[in-house]
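User: Could you take me through one part of this structure slowly, choosing a sheet and the helix that packs on it? I am in my first year, so please connect each step to the one before.

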Amino acid sequence: MVELTFYGGVEEIGGNKILLEDNGTKIFLDFGMGFKRRGLYFEEFLAPRTANGIGDFIELNLIPDIKGIYREDLLEHFGRKAEESDIAGVLLSHAHADHANYISFLHKDIPIYCGETCKYILDAVDEQSQRNLECEVINYKQRPIFRRDYGKTPINRLFKTFRTGKKITIDSLEIEPIHIDHSVPGSYGFIIHASEGAIVYTGDIRMHGLHAGMTTDFINAAKEAKPIAMITEGTRIDRKKTDESEHKIYNESKKEISKCSNLSIVDFNFKDVDRFTTFYKIAKELGKKLVISFKHACFLERYTKDKKLRTPSSIDENIFLLKPKRKTGTYADEDYTEKYIKNRLKYPNILTSEEITKNPSYYIVVLNFWYFNTLVDLKPKNGVYIHSLSEPFNEEMEISYERMQNWLRHFDLNFVQSHCSGHINGSDLKELIQTINPKMLYPIHTEHPEIFKKFPLNVEIVKEGKMYKI
Ligand SMILES: [Zn+2]
Ligand SMILES: [Zn+2]
């Protein structure tokens with residue numbers, strides 16, 4: 001008998017943590033952070049305490065209270081005894097935090113199965129992020145009760161990577177990871193061949209992206225497997241199909257940037273390689289240079305490892321790295337303590353904001369809102385700012401959005417919104433489900449699971465922590 005228990009992603013977007021048990025084999029499908037749930041209790045200056053190990057997280061139901069899955073040091077801090085793990089692995093669908101980040105808490109003996117490129121991206125995140133308990137996905141240093149026992153060398157988690165077409169065997173389970181299109185490369189859906197039949201998991205998926213063909217490969221394989229159950233994402237089940245596309249962003253953005261006779265600034269998620277490629281292409285075609293940050297370089301250098309992504313090198317002739325101001329504000333080498341910057345200070349394509357101001361129309365700067373203080377040095381009067389990200393969908397984001405608008409007004413920047421979603425719309429999803437035609441459907445990663453009830457097939461509105469037998 002196959003059993004499914006959903007510990008996250010239930011009536012929320014992201015935070016997927018699905019336990020699948022079959023004849024004594026237990027695996028998790030993703031183990032992500034639930035942003036909304038975390039935001040119910042925490043904000044910038046109120047965070048879960050590391051000193052309490054997994055305690056604060058368990059109390060507030062940010063992670064499930066189950067045996068045999070957590071790190072020994074974090075259990076100890078919570079006043080519990082270390083446990084052995086009985087989980088045979090985590091199938092990680094992709095490198096977004098709402099699917100990957102809470103792997104941080106998991107026992108070191110649990111192997112993580114993910115796509116080769118997904119691992120590259122996790123490495124890039126690891127290289128440039130500040131260490132904290134909620135992002136120790138790749139490795140961690142033990143934090144036992146006594147300081148003298150603190151781990152000196154990091155414990156590396158065991159990653160087993162795959163590419164599409166490869167099969168994975170975990171005990172009695174045979175798993176087919178199949179590439180899909182989403183807003184981060186190295187995204188996969190899974191077909192899990194269990195004792196009772198095939199179980200399909202979509203991960204995060206879309207049909208309107210540049211690589212819809214990969215999603216079609218997944219749909220065809222899933223259909224052929226005649227699944228007894230399918231776990232699907234439903235982020236945008238309430239949205240109809242529109243004309244959104246990467247190509248539309250390319251056209252809109254190129255038009256705005258070519259019209260601009262001053263500095264062009266863009267913001268997009270650097271995990272989205274298609275979006276990077278769009279702006280890189282625009283820069284090249286318009287004879288401009290794309291200016292990225294040292295953090296972005298960490299990602300770009302990982303992308304070049306995957307030849308299929310065809311991304312340029314971080315020292316490409318059309319790319320510059322923007323040197324941030326630190327300590328003395330003089331850009332002296334000694335000002336930089338972060339390893340990811342120090343290791344790249346000798347690159348030939350580094351420039352400062354002051355250099356950009358000498359010829360602003362020559363550049364397109366990729367600048368995230370959190371680094372808007374750089375605008376003081378860039379002095380971008382009458383330029384354009386392309387917001388290639390989703391519009392705010394909660395109160396906190398709206399506050400930041402207001403602040404962003406103030407900055408734009410202050411520098412007379414022309415605001416342009418141009419984005420397309422990483423998630424499938426309701427119309428495409430309905431078609432996808434009907435084609436795959438599973439015996440039972442479990443919608444997750446959605447705030448509107450009830451909409452699926454209108455579909456002409458068996459739909460289970462999932463309850464958190466309840467075990468479903470198939
Ligand atoms: Zn997600
Ligand atoms: Zn995602």
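Analyst: What follows looks at one sheet, then at a helix on it, and then at the contact between two domains.

Because this is a predicted model, each statement below describes the prediction. The sheet is an open one, built from seven strands in the order 8-5-4-3-2-1-22, and its pairing is mixed. In general, strands of a sheet pair through backbone hydrogen bonds, and they do so either parallel or antiparallel. At the edges of this sheet stand strand 8 (159–162) and strand 22 (467–469), each of which pairs on one side only. If direction is ignored, neighbouring strands of the sheet are turned against each other by 25 degrees on average.

For one example of pairing, you can look at strand 3 (residues 25–31) and strand 4 (residues 89–91), which run in the parallel sense and are joined over three bridges; here Leu-29 stands opposite Leu-91 of strand 4. Helix 5 (residues 116–128) packs on this sheet, where it touches strand 5 (112–115) and strand 8, and the direction of the helix makes about 105 degrees with that of strand 5.

To see where helix 5 also matters for the domains, note that the protein chain is divided into domain 1 (2–239 + 423–469) and domain 2 (246–417), whose C-alpha centres lie 31 Å apart. Between them, 14 residues of domain 1 are in contact with 15 residues of domain 2. On the side of domain 1 that touches domain 2, helix 5 supplies the largest share, seven residues, and the residues of that side divide into seven nonpolar, five polar and two charged.

Conventions
Residues numbered from 1 in each chain as written. Chains lettered and ligands numbered in written order. Predicted model: local features only at pLDDT ≥ 70, side-chain atom pairs only at ≥ 80, totals over all residues. Pairing = 2+ DSSP bridges. Helix = DSSP H or I, 4+ residues; strand = E, 2+ residues; numbered from the N terminus. Axes fitted to C-alpha atoms, helices over the stretch in contact; angles between N-to-C directions. Contact = placed C-beta atoms within 7 Å. Domains from an automatic or database assignment. Nonpolar A, V, L, I, M, F, W, Y, C, P; charged D, E, K, R; others polar.
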